[in-house]
Amino acid sequence: MRKPLEAYKMIYLDAGDTLVTIPAAQTILKQYLGLRAVDRDEAHIHELFTEAFRLFYYVEKKDNFAVCSPESDRAFWVILYKHVLHKLGIHEEWTEEQIWACCHELYEMYTAPAYYELFDDVKPFLEKLKARGFRIGVVSNFAPTLRAILADKGIMDFFEIVLVSTEVGLEKPDPAIFQLALDKAGVAAEDVLYIGDHETNDIWAPNQVGIDAVRILRYPYHHGEGIGSLLELFGDPSVREAVT
């Protein structure tokens with residue numbers, strides 16, 4: 001059912017690549033390697049990160065949902081970083097033990113607040129929602145550091161509920177995490193709109209429990225129906241066509 005924003009009582013949002021991003025992940029890795037006497041082209045690193053996200057993150061997974069934990073989250077990202085490092089030929093210079101240790105260090109770096117930034121539209125969007133009386137929450141697949149990141153960026157107080165996969169043991173696209181979001185808030189599915197960047201995790205999954213969802217397209221490799229800015233949800237009739 002497609003409805004205008006005003007028809008909803010609560011807005012739940014994804015976090016990574018919806019609210020926050022690491023704008024220079026490739027620069028961070030280049031500098032990390034440079035401090036260890038390894039030089040790699042930054043543009044190539046960027047290409048490999050994009051490839052890795054397509055292979056490991058932007059995949060369709062609609063069954064066989066596993067229990068999520070801080071350990072499983074770390075394991076996922078360590079595998080992704082290892083893929084990037086091998087594509088960079090690091091295995092020709094380092095031992096597998098060195099690469100493994102590097103991947104864990106990268107996980108610590110990429111889940112710390114320091115490197116994250118808000119997208120420009122986030123704070124204005126949240127302020128408009130709050131001013132109009134919407135309840136606001138987060139449902140995100142993320143490390144246990146998410147609350148610290150949101151607080152560091154000055155937006156934690158906007159959220160009534162923050163559900164983090166590694167804290168609740170459920171992760172998108174398991175629809176159960178969205179049912180939990182409804183239960184925690186005590187709201188009906190038809191009163192909730194969810195916003196995220198992933199077709200399966202953030203559109204298909206909430207739809208399974210009756211939650212309307214809209215996709216935000218943050219990067220050039222994001223294709224399909226959606227919005228380019230959260231602020232489009234205020235006053236742009238065309239945005240309604242992106243709500244499913």
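Me: Leaving aside neighbours within four places in sequence, which residues is A25 in contact with?
Reply: This is a predicted model, so keep in mind that everything here is computed from it. A25 is found in helix α1. Once you skip its neighbours within four places in sequence, the residues in contact with A25 are F49 and Y110.

Me: Is A25 buried or exposed?
Reply: To count as buried, a residue needs a relative accessible area under 20%. A25 has 16%. That value falls under the cut-off, so A25 is buried.

Me: How many Å separate the C-alpha atoms of A25 and S72?
Reply: Along the chain, A25 and S72 are 47 residues apart. In space, the separation of their C-alpha atoms is 21 Å.

Me: Which residues do ring pairs link into a cluster?
Reply: Let's start with the total: the model has 10 aromatic pairs. F49 and Y110, the two contacts of A25, turn up again in the cluster. Ring pairs link these members together: F49, F53, F76, W77, Y81 and Y110.

Me: What kind of aromatic pair do F178 and Y194 form?
Reply: Here the count of aromatic pairs is 10. For F178 and Y194, the ring centres are 4.8 Å apart and the planes make 85 degrees. Planes over 60 degrees apart get a label of their own, so this pair is edge-to-face.

Me: Where in the chain do F178 and Y194 of that aromatic pair sit?
Reply: Both residues are buried. They are 16 residues apart, and their pair links distant parts of the chain. F178 is in helix α8 (residues 176-185), while Y194 is in strand β6 (residues 192-196).

Me: Which helices are included in what covers the buried residues of α3?
Reply: Helix α3 runs over residues 70-87, and its 18 residues reach 26 Å from first C-alpha to last, close to the 26 Å expected. Its buried residues are D73, W77, V78, L80, Y81, H83, V84 and L85. W77 and Y81 also belong to the ring cluster. What covers the buried residues of α3 includes α1, α2, α4 (96-110) and α7 (165-168).

Me: Which residue with a positive phi follows α3?
Reply: Most residues other than glycine have a negative phi. The residue after α3 is a glycine, with phi near 80 degrees. Its name is G89.

Me: Which backbone oxygen lies 2.7 Å from a polar atom of the R40 side chain?
Reply: R40 belongs to the loop between α1 (25-34) and α2 (42-57). Its relative accessibility is 17%, so R40 counts as buried. Apart from neighbours within four places in sequence, its contacts are K30, L33, I45, L88, G89, I90 and E93. One of these supplies the backbone oxygen at 2.7 Å, and that residue is L88.

Me: How far from the centre of the ring of Y32 is the charged end of R36?
Reply: Two arginines are worth a look here. The charged end of R218 sits over the ring of F119, 4.0 Å from its centre. The charged end of R36 sits over the ring of Y32, and its distance from that centre is 3.6 Å.

Me: Why is the sulfur of C102 too far from C103 for a bond?
Reply: A disulfide is a covalent bond between the sulfur atoms of two cysteines. The cut-off is 2.5 Å. C103 holds the closest cysteine sulfur to that of C102, but it is too far for a bond because the distance is 5.4 Å.

Me: How many disulfides are there?
Reply: C68 and C102 are both buried, at 3% and 2% relative accessibility. The sulfur of C68 is 19 Å from its closest cysteine sulfur, in C103, so that is too far for a bond. The disulfide count comes to zero.

Me: Is A37 buried or exposed?
Reply: A37 is in the loop between α1 and α2, and its phi is positive, near 65 degrees. D17, in the loop between β1 (10-13) and β2 (20-21), has a positive phi near 65 degrees too. D17 counts as buried at 19% relative accessibility. A37 has 71%, so it counts as exposed.

Me: Which peptide bond is cis, with omega near 10 degrees?
Reply: Most peptide bonds are trans. P173, in the loop between α7 and α8, is at one end of a cis bond. That bond runs from K172 to P173.

Definitions and conventions. Residues numbered from 1 in each chain as written. Predicted model: local features only at pLDDT ≥ 70, side-chain atom pairs only at ≥ 80, totals over all residues. Heavy atoms only, no water. Helix = DSSP H or I, 4+ residues; strand = E, 2+ residues; numbered from the N terminus. Buried < 20%, exposed > 50% of the residue type's maximum accessible area, 1.4 Å probe, protein only. Polar contact = N/O pair within 3.5 Å; in protein donor to acceptor, adjacent residues only side chain to side chain. Contact = heavy atoms within 4.5 Å. Expected span 1.5 Å × (residues − 1). Phe/Tyr/Trp six-rings, centres within 6.5 Å; stacked < 30°, edge-to-face > 60°. Lys NZ or Arg CZ within 6 Å of the ring centre and 35° of its normal.
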